[in-house]
Amino acid sequence: MEKNLEFPDLLRQIDERSTAFRAAIADAPSLDAPVPTCPGWTLFDLVKHLGGGDRFWAAIVGAGPADAPPAEATAARAALEVPRERDALLAWLAASTQLLLNTLRAAGPDTGCWAWWSALQTPRTSGGVARHRVQESAVHTYDARLAAGAPQPLPADVALDGVEEFLFTCVATPSAWPHKPTAFDFHTAEGRSWRLTVDGDGARSTRIPAPTAATGEDSDAAGASVHGTASELVLYLYDRIQAESLRVDGDAGLLDLLRAWEPEH
């Protein structure tokens, strides 16, 4: 069974993805270019969002265990102003990421903090924050490159962890599934698979063996199964590409129900 990435690996990936994001911004023809995957946003808005998020989460981790984000951090994010000139903006973004990385290193992986997600499968800790920020940086790097007309898939190691991170963080909930109980299987071309079960007890995911030519797939266990590269699955889960870009077995309509579901917790 594959192990989760270690904390130093997560910090390295935040740094690498943030560096790639800045490179995409530096190469873009204009900061006013629209971002197709973030309707209404320009590249400038995307930079402000990612850098502001780095600073916001640095404040949250630095504050330690809490029932809400620090009021000062929330106010600072709402009033955030950043440089308009590209070089100054990139310097501000680099400083924002470094602030987050320094705060995470100082905290270590197990420091408790506020987080918006259910603690059902992802802990509300600095380690949980680091794992999620990798994916924020990776997906927004894809957004930036797409806006510049040169989209690239997510790196395989980032994307493989990203499928599980999304399922464990963004989907896991104790809120009851309002439809007939079912399961969704997600299979990567790289050989890792997960099953998301939804029922009256909520939603939770587990790692499962990847289907093989010899074993096939238990079609009775999953209402819908989604197949693609790890990068494609992450981009699908984050609404960057549509299901039509992937192979879907079973009842594809169940995926629409999953996307439309808004759990209370």
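## Helices and sheet of a predicted model

At the start of α4, a side-chain oxygen of E85 comes to within 3.2 Å of the backbone nitrogen of D87. The model is predicted. Helix α4 covers residues 86-107, and G108, which follows the helix, has a positive phi, near 75 degrees.

The buried residues of α4 are L89, L90, W92, L93, S96, T97, L100, L101, T103 and L104. These buried residues pack against three other helices: α1 (7-27), α2 (43-63) and α5 (126-147).

One of those partners, α5, is mostly covered, with 21 of its 22 residues buried. After α5 comes G149, and its phi is positive, near 85 degrees. The table sets out α4 and α5 side by side.

| Helix | Residues in helix | First to last C-alpha | Expected span | Glycine that follows, phi |
|---|---|---|---|---|
| α4 | 22 residues | 32 Å | 32 Å | G108, near 75 degrees |
| α5 | 22 residues | 31 Å | 32 Å | G149, near 85 degrees |

In α4 the reach is close to the span expected at 1.5 Å a residue, and the reach of α5 is also close to its expected value.

The loop between α1 and α2 holds T37. T37 has a relative accessible area of 16%; residues under 20% are classed as buried, so T37 counts as buried. The side chains of T37 and D143 are joined by a polar contact of 2.6 Å. Neighbours within four places in sequence aside, T37 is in contact with Y142, D143, L146 and R240.

The model also contains a sheet. Five strands make up this open sheet, in the order β3-β2-β1-β4-β5, with mixed pairing. The edges are taken by β3 (202-208) and β5 (247-250); each has a single partner strand, so one side of each has no neighbour in the sheet. From one strand to the next, the twist averages 20 degrees.

Within the sheet, strand β1 (residues 182-188) and strand β4 (residues 224-228) run parallel and are joined by five bridges. H187 has H227 of β4 as its bridge partner. Helix α6 (residues 156-171) packs on the sheet, where α6 touches β1, β2 (193-199) and β3. The direction of α6 makes about 15 degrees with that of β2.

Key:
Residues numbered from 1 in each chain as written. Predicted model: local features only at pLDDT ≥ 70, side-chain atom pairs only at ≥ 80, totals over all residues. Heavy atoms only, no water. Helix = DSSP H or I, 4+ residues; strand = E, 2+ residues; numbered from the N terminus. Expected span 1.5 Å × (residues − 1). Buried < 20%, exposed > 50% of the residue type's maximum accessible area, 1.4 Å probe, protein only. Contact = heavy atoms within 4.5 Å. Polar contact = N/O pair within 3.5 Å; in protein donor to acceptor, adjacent residues only side chain to side chain. Pairing = 2+ DSSP bridges. Axes fitted to C-alpha atoms, helices over the stretch in contact; angles between N-to-C directions.
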